[in-house]
Amino acid sequence: MAICTNNLSLRQELTELIMKYKWQTPDDGKRMLGWLACALVSDSMSHRPHVWLSGYPGKTWFMNHVQDPIHQFRYVLHRSPAGCKFSLESLGPQVVDWADYQDSHPTSKRDIRKAIQACRAACGRWDMCGDFGPLSFSACLMSYKQPPMTRYETRQFAPVRLGPEIPHEEFSRYETKVDDFLNDVDGRALELQELILESAQEIADLAIQIEEQIAVSGANAHRQIEIIAIRSALSAGWQWWSGTNEILGYWKGERPIVGTPE
């Protein structure tokens, strides 16, 4: 399936700029770009991908200066997992900050666990909804470090990791470029948002096509089904931004798997 070329140069310009951020690997930046597109059109996706943004510093800056301008008016920010309430109407992107296990208080861990379970319910697997019902959203959870999760839960979140801090002068120049691009008088950020919304079905169909392509290649072991679905969705989002045909890789080994088997 060919990627729509409408305003492709604008999308590629922002893609190039975002890929210069302090990602641990290029794939981390590509996964985040994929999520920025998929999260806006989650109600069109057969499988809604979630990402887990970890590392310090820089998470909040990226969400305030990049995610917020693109998703503005259409997403919900939860400043902590405590009291997160997800409803059937939650179709827009959901951003959950402070999803850390550093606070050893049992209540904090319980709140984070509930947010994780809600994301599991919203991924598109209706048989995994538990007590939440068929939720419908794509989420980004943020923490200093990714918390221990069960083997099943590691198949619900694609890691997006930050690398070393950028030198101050270099970062200041980068910040100015990002702000000038997304907060200009011509309204580029809202134009990009509208382009994503107009491409909802295109991105959703492309995700299904990529998923079938990966499955045919033999990467269809039962334990990988969810990961393949996330890879396919984020790859479709990445291809929309970049205009490439690249399929994002599998992140096995990038995050320790602990806890019970399921």
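Which residues is L36 in contact with, leaving aside its neighbours within four places in sequence? I opened the notebook with this question, working from a predicted model. I found L36 in contact with I18, F62, V66, Q67, I70, H71, I196 and W241, once neighbours within four places in sequence were left aside.

**Entry 1: the chain as a whole**

I next looked up the overall make-up of the chain. I recorded 8 helices and 5 strands. Reading from the N terminus, I noted the order of elements as α-α-β-α-β-β-α-β-β-α-α-α-α. The chain has 262 residues, and buried residues make up 54% of them. I then turned to contacts between residues at least 6 apart in sequence, and 76% of these join residues at least 24 apart.

**Entry 2: the nonpolar cores**

I returned to L36 and asked about its place in the interior. The largest nonpolar core has 57 residues, and W35, L36, F62 and W241 touch the most other members. Helix α8, residues 225-242, gives the most to this core, with 9 residues. Two of the residues named with L36 in that core, F62 and W241, are also in my list of its contacts. I also noted a second, separate core of 17 residues, which includes C84, A99, I116 and A121.

**Entry 3: helices α1 and α8**

How many degrees is the angle at which helix α1 and α8 pack? I read a value of about 110 degrees for α1, residues 8-18, against α8, with the axes 7 Å apart. The two helices are therefore roughly perpendicular to each other. On the α1 side I listed L8, R11, Q12, L14 and T15, and on the α8 side W238, W240, W241 and S242. By class, this contact has 5 nonpolar, 3 polar and 1 charged residues.

**Entry 4: P69**

I looked up P69 and located this residue in helix α3, residues 59-71. Is P69 buried or exposed? P69 counts as buried, because its relative accessibility is 5%. Leaving aside neighbours within four places in sequence, I found P69 in contact with N64, L182 and A189. I also checked P69 against L190: the two are 121 residues apart in sequence, and their C-alpha atoms are 7.3 Å apart in space.

**Entry 5: H50**

I then moved to strand β1, residues 50-54, where H50 lies. With 0% relative accessibility, H50 counts as buried. I looked for a polar partner of its side chain and found that the backbone oxygen of C119 lies 2.6 Å from a polar atom of that side chain. C119 also appears among the contacts of H50 beyond four places in sequence, together with A122, C123, F137, S138, A139, Q156, F157 and A158.

**Entry 6: L141**

My last entry concerns L141, which I placed in strand β4, residues 139-143. L141 counts as buried, because its relative accessibility is 0%. Which residues does L141 touch, not counting those up to four places away in sequence? I listed V51, W52, L53, V96, A99, I116, C119 and F157. Among these, A99 and I116 are also members of the second core. C119 and F157 are in contact with H50 as well. Finally, I compared L141 with V95: these residues are 46 apart along the chain, and their C-alpha atoms are separated by 6.0 Å.

Terms used. Residues are numbered from 1 along each chain as its sequence is written. This is a predicted model: local features need pLDDT of at least 70, side-chain atom pairs count only at pLDDT 80 or more; totals for chains, interfaces and linings use all residues. Side-chain values use heavy atoms; hydrogens and water are left out. Helices (H or I, at least four residues) and strands (E, at least two) are DSSP runs, numbered from the N terminus. Buried means under 20% relative accessible area, exposed over 50%, partly exposed in between (1.4 Å probe, protein chains only). Contact means heavy atoms within 4.5 Å. A nonpolar core is a set of buried Ala, Val, Leu, Ile, Met, Phe, Trp, Tyr and Cys residues joined through side-chain atoms within 4.5 Å. A polar contact is a pair of N or O atoms within 3.5 Å; within protein, one must be able to donate a hydrogen and the other to accept it, and residues adjacent in sequence count only if both atoms are side-chain atoms. Axes are lines fitted to C-alpha atoms, for helices over the stretch in contact, and angles run from 0 to 180 degrees between N-to-C directions. Angles under 35 degrees count as roughly parallel, over 145 as roughly antiparallel, 65 to 115 as roughly perpendicular and the rest as oblique. Ala, Val, Leu, Ile, Met, Phe, Trp, Tyr, Cys and Pro count as nonpolar, Asp, Glu, Lys and Arg as charged, and the others, Gly among them, as polar.
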